[in-house]
Amino acid sequence: MSISIANLSKKYGEQTVLKDISFEIGEGEVVGFLGPNGAGKTTTMKILAGALSYSTGSAKVCGIEVKADQLKTSSMIGYLPEQNPLYADMYVKEYLLFVAETYHLGKEKEQRVNELIDKVGLRPEFHKKIGQLSKGYRQRVGLAQALIPNPKVLILDEPTTGLDPNQLEEIRSLIREIGKDKTVLLSTHIMQEIKAICNRVIVINNGEIVADYSDLSKIRAFDENNLHLEVEFTEEVQVEKLKELETISDVEIISDKHFILVASADIRADVFDFATKTNNKILTIKTVERSMEDVFRELTK
């Protein structure tokens, strides 16, 4: 496994920010780490990158415990933090050569930096100082520096925050391309990010893993324990009577004839029986497909 976390906990004083979390990410996966602000995404990523200690549990990168050999695991990770720490007064190539020197690339550093300048699309701007670049190009510089050691695992913390729509698509395309030959863990609280880049999503809330979808299509599928059924009758219906139907857990009122029924089983036959017994008729009845946004709100509310 590229990343393996088992029963990991982290406290800041009396506050527990990670609560016994566990997940694994295999080689070549592009995984979205989804959750609201303050959920524990950045803390988890900093632990994997070796920037934070952890209270209990295990955090491994490519089978090596981070605590046991932080130097080794750090060499396998390219890390782009949310606040991209760049030297604004340095020229783009100058900065990347400086980073390459810290990895002791020797004679290879010039070739490696030139390759990455082309790979991340920095060639038109590489002669400028970093402080003169747009936010999108600064993110490209951050990605390039994370890729310099040719890491097996790339950890990206909110990599598209603050970008305009054109910059967003450019960075997403770049991450998709990088993800073809590297394991990528990408934190975000933006649904579109998951749809555009990832092939799996792990959801964290209040320091706990609340969902793990290896097939994103299942997020929109109907949860057999949480079915949503839209029903419109010809005549007014008493909500209390509807709630008496077995397995219904909630009724959302659209009008006195139109409802969303939430149930733990397929209740369409029961609804037809209900209409017959109450001398009513059904105009429409259909299952409601939940969006990723709906699922996110349900998991993190």
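1. Gly-50 comes directly after helix α1 and has a positive phi, near 85 degrees. The model is predicted, and this backbone value should be read as belonging to a prediction. A comparable note applies to α4, which is followed by Gly-121, again with a positive phi, here near 75 degrees.

2. Helix α1 spans residues 41–49. This helix is mostly covered, with seven of its nine residues buried. The buried set consists of Lys-41, Thr-43, Thr-44, Met-45, Ile-47, Leu-48 and Ala-49. A lysine and two threonines, Lys-41, Thr-43 and Thr-44, are thus listed as buried alongside Met-45, Ile-47, Leu-48 and Ala-49.

3. Is Met-45, in α1, buried or exposed? Met-45 counts as buried because its relative accessibility is 0%, and the cut-off for buried is under 20%. Leaving aside residues up to four places away in sequence, Met-45 touches Tyr-79, Ile-155, Leu-156, Asp-157, Leu-185, Leu-186 and Ser-187. For Ser-187, the separation along the chain from Met-45 is 142 residues, while the two C-alpha atoms are 8.4 Å apart.

4. Asp-89 lies in a loop, the one between β6 (77–80) and α3 (92–102). Asp-89 counts as exposed because its relative accessibility is 64%, and exposed requires over 50%. Asp-89 and Ile-5 are 84 residues apart in sequence, and their C-alpha atoms lie 38 Å apart in space.

5. Which residues of helix α4 (residues 109–119) are buried? They are Arg-112, Val-113, Leu-116 and Ile-117. Viewed down the axis of α4, these buried residues fall within an arc of 135 degrees, so they line one face of the helix. The elements covering the buried residues of α4 include α3 and α5 (135–147).

6. The packing of α3 on α4 has an angle of about 130 degrees, with the axes 9 Å apart. At that angle α3 is oblique to α4, because the value falls outside the ranges for roughly parallel, roughly perpendicular and roughly antiparallel. The crossing of the two helices is right-handed.

7. On the α3 side of this contact are Lys-93, Leu-96, Leu-97, Ala-100 and Glu-101. They meet Lys-109, Glu-110, Val-113, Asn-114 and Ile-117 in α4. By class, the contact of α3 with α4 has five nonpolar, one polar and four charged residues. Val-113 and Ile-117 are listed in this contact and also among the buried residues of α4.

8. How do α5 and helix α6 (residues 165–178) pack, and at what angle? Their axes are 9 Å apart and the angle is about 15 degrees. This makes α5 roughly parallel to α6, because angles under 35 degrees count as such. The crossing of α5 and α6 is right-handed.

9. In the contact of α5 with α6, α5 supplies Lys-135, Gly-136, Gln-139, Arg-140, Leu-143 and Leu-147. The residues they meet in α6 are Gln-167, Glu-170, Ile-171, Leu-174 and Ile-178. The class division for this contact is five nonpolar, three polar and three charged.

Terms used
Residues numbered from 1 in each chain as written. Predicted model: local features only at pLDDT ≥ 70, side-chain atom pairs only at ≥ 80, totals over all residues. Heavy atoms only, no water. Helix = DSSP H or I, 4+ residues; strand = E, 2+ residues; numbered from the N terminus. Buried < 20%, exposed > 50% of the residue type's maximum accessible area, 1.4 Å probe, protein only. Arc of directions from axis to C-beta. Contact = heavy atoms within 4.5 Å. Axes fitted to C-alpha atoms, helices over the stretch in contact; angles between N-to-C directions. Parallel < 35°, antiparallel > 145°, perpendicular 65-115°, else oblique. Left-handed = near helix turned anticlockwise from the far one by under 90°. Nonpolar A, V, L, I, M, F, W, Y, C, P; charged D, E, K, R; others polar.
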